[in-house]
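Subject: Structure handover

Hello,

Here is the structure I promised you. Please open it next to this email and follow along.

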Amino acid sequence: MAATRYYYSDTIASFIDRNVNEIIGKLTLASQHDINDETSQSWVEEIYTLKEILQPYRFRGSIYFEYNIPRMGRRADVIVVIDGIIFVLEYKTSEQKFTREARTQVWDYALDLKNFHEQSAERILIPILVAPKESNKNCSLELKYYEDNVYEPLQVNASKLRDAFAAVLESIPHDTQILVTDDVWAKSGYEPTPTIIEAAIALYEENTVEDITKHGGDIDNASLELLNIINYCRDNNRKGICFITGVPGAGKTLIGLNTAIDQFNKGEKAVYLSGNFPLVNVLQEALTRDFVRRDKIKAKQENRKACTKEEARSKVKAFIQMIHHYRDLYLEGTQIEEGKIVPVPGYFQSHTDKAYIPVEHVAIFDEAQRAWTQAELKRFMREKKGIKDFPYSEPEYLISCMDRQTDWGLVVCLVGNGQAINKGEAGLTEWIESVHRSYPGWDVYMSDYLIESKDISAEELSLISKQLIPKEDLHLKMSMRSFRSEKVSIFVNQLLALQKDEAAATLKELEKYPIFLTRNLDAAKQWLREQARGSERMGLLASSKAERLKAIGINVRYQPNFVHWFLEDDTDIRSSNCLEDTLTEFKVQGLEIDWACVTWDADLRLKEDWSSWQHFQLRSGTKWQRINKGINKEYQINAYRVLLTRARQGMIIVVPNGDDGIPPDETRKPEWYDGIYNYLKSIGIKEL
């Protein structure tokens, strides 16, 4: 049976007249899973209640049971469309109380439909949480309006559900002539853009990229091209390296995760690797929690013991790892001999539990531009591992591991443009030179964009001209992160390049992506709280060198637990939503939130005529010291680029006033901050 977006649909009239057992049969058949008594009983209760309540609207709309919300990896219990108004119902038949989690869940369903479902974009959406046994005094029928017509969830018991429908249809102005048929509403375009955490969870649950994310263009083409390259290498016993490039938020990590999980599910060993410690840890924890949650449900149905969190984490780590762990694994049983790493003779005859040859034929390295230079890796190996004179850079060593394969292998490098933020990062140059120097038999795949860009010089390209196989679709041109506008990354690049007129023109195209400017941190926090709904995340961000923000309550030297920052809800003070802890570029690169407050310090300030940026770092707690080294200036610009491109739905920028008191704070001169503020204001960013 072909998968459908819902388990059962009907006009309200036909639903009311249809036999309950027939509806249950259709639901059971569509689910393709064993249905336990609790689920079946819930359906029966929902059906009987709705048959009675919907009598007055029998000729005014349609009903859908178990409507798929793939971005969230869940199904809405019931959706009723009456006069074009969309009612999203989440039942908690086994619970006697309203819960915060359930309220958030149904609100998320409505927001998802509003943001990503074509026929819902201009409609009124009413989320309703139904706890049939809850007391009347705890019910809420207050209709709280938001500009996008997604109302705050109503909370009702079985007896108040009728009143909820009536209150909405009698109180909210709407077009009573709209009659939406099954095919028009239920099957209209759905183009979600999940966060990387949501995407990882959905992919692990065996959804596809097509299920969970926006169709067409860059993502689909690059994914297909990569699959073709993998198949070619496998079928022809070839080894190669493939570069996938793109702007921030374009979906590089999504492609990497999808490929690793897809190959893993097909029985072909593949691994997603990153040197980004926060990204890997957040993804591993999110997937582990989700696996435990789903397995508890399955275990209850199958009458068995659920897996432990450690067992779940072990499964997740099979295909998502830190690069350092992968690197260390394949150092076992090796030695350095004449400047090369070679196997220790006879080692694996007595150590059969480990292999010198990687088990994976496909290794995907995210943020490959951040792999270490030979000098940085040599230092690390000497200081942390006790290995002297390590002969390779990280790119060359990682390629050497895959070269141990006796048949085929592919190294996939996911490369972010303009995102190098730390010393010791090798960039693309070292990958190219490593292939040329030591692996002339390898194929090299990259896009025309990368060939034409400044990331690789003409001289470097000439080194691999005989190995090079151009593939146009390996570059992602458009950001998906900011689903309200695809041009946020373009705007940020122009802003940081001091292209004032161009940035002002692009800003005018960001109508659905609000950007505000303020001097007041408390006002910024209040703005964030007014924007975020459901499980949407908001948070404070600042540059790692923004040390004088401590004067307004932001201490960038304090390092909060980033896993809790990204994953906990606002009942936990460690959550980003509590707006107490601030993350820097090092902890948020590769991840994202919905609403961001970026607080700008005097570490990156403007020359008086706005002709160039001036770069500083605080020294000894008394004065700012100018940064003169070119690469460090680049890192600082990129740090702000990372911070300004983390928000999916909108952001507010805080530029403090500085301090001209008596005596004045010489580390917080108002003119430094005024210059930044006036520049951002001149571009057209609205003041709060």
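Below are the notes on a pocket, a helix, a core and a few backbone details.

This is a predicted model, where local features need pLDDT of at least 70, side-chain atom pairs count only at pLDDT 80 or more, and totals for chains, interfaces and linings use all residues. Residues are numbered from 1 along each chain as its sequence is written, and side-chain values use heavy atoms, without hydrogens and water.

**The pocket**

The second largest pocket holds about 1,500 Å³ of space. Its lining has 50 residues, and the closest to the centre are Thr 104, Asp 108, Ser 535, Arg 537 and Leu 567. On a 1 Å grid over the protein atoms alone, a pocket is an open set of points where a 1.4 Å probe fits, with protein on both sides within 12 Å along at least five of seven lines; lining residues have an atom within 4 Å of a point. Points are joined across faces, edges and corners, and the volume is the space filled by probe spheres set on them.

By class, the lining has 17 nonpolar, 9 polar and 24 charged residues. Here Ala, Val, Leu, Ile, Met, Phe, Trp, Tyr, Cys and Pro are nonpolar, Asp, Glu, Lys and Arg are charged, and the others, Gly among them, are polar.

**Helix α4**

Which helix gives the most to this lining? It is α4, with 11 residues. Helices (H or I, at least four residues) and strands (E, at least two) are DSSP runs, numbered from the N terminus. In α4, 13 of the 17 residues are buried. Buried means under 20% relative accessible area, exposed over 50%, and partly exposed in between (1.4 Å probe, protein chains only).

**The core**

The largest nonpolar core has 90 residues. Such a core is a set of buried Ala, Val, Leu, Ile, Met, Phe, Trp, Tyr and Cys residues joined through side-chain atoms within 4.5 Å. Phe 491, Trp 600 and Leu 680 have the most contacts inside it. Helix α26 (residues 670-683) brings the largest share, 7 residues.

**Backbone details**

Ile 662 and Pro 663 are joined by a cis peptide bond, with omega about -5°. Pro 663 sits in the loop between β24 and α26.

Glu 338 is not a glycine, yet its phi is positive, about 55°. Is Glu 338 buried or exposed? Glu 338 counts as exposed, because its relative accessibility is 78%.

Trp 610 also has a positive phi, near 65°. At 29% relative accessibility, Trp 610 counts as partly exposed.

Best wishes
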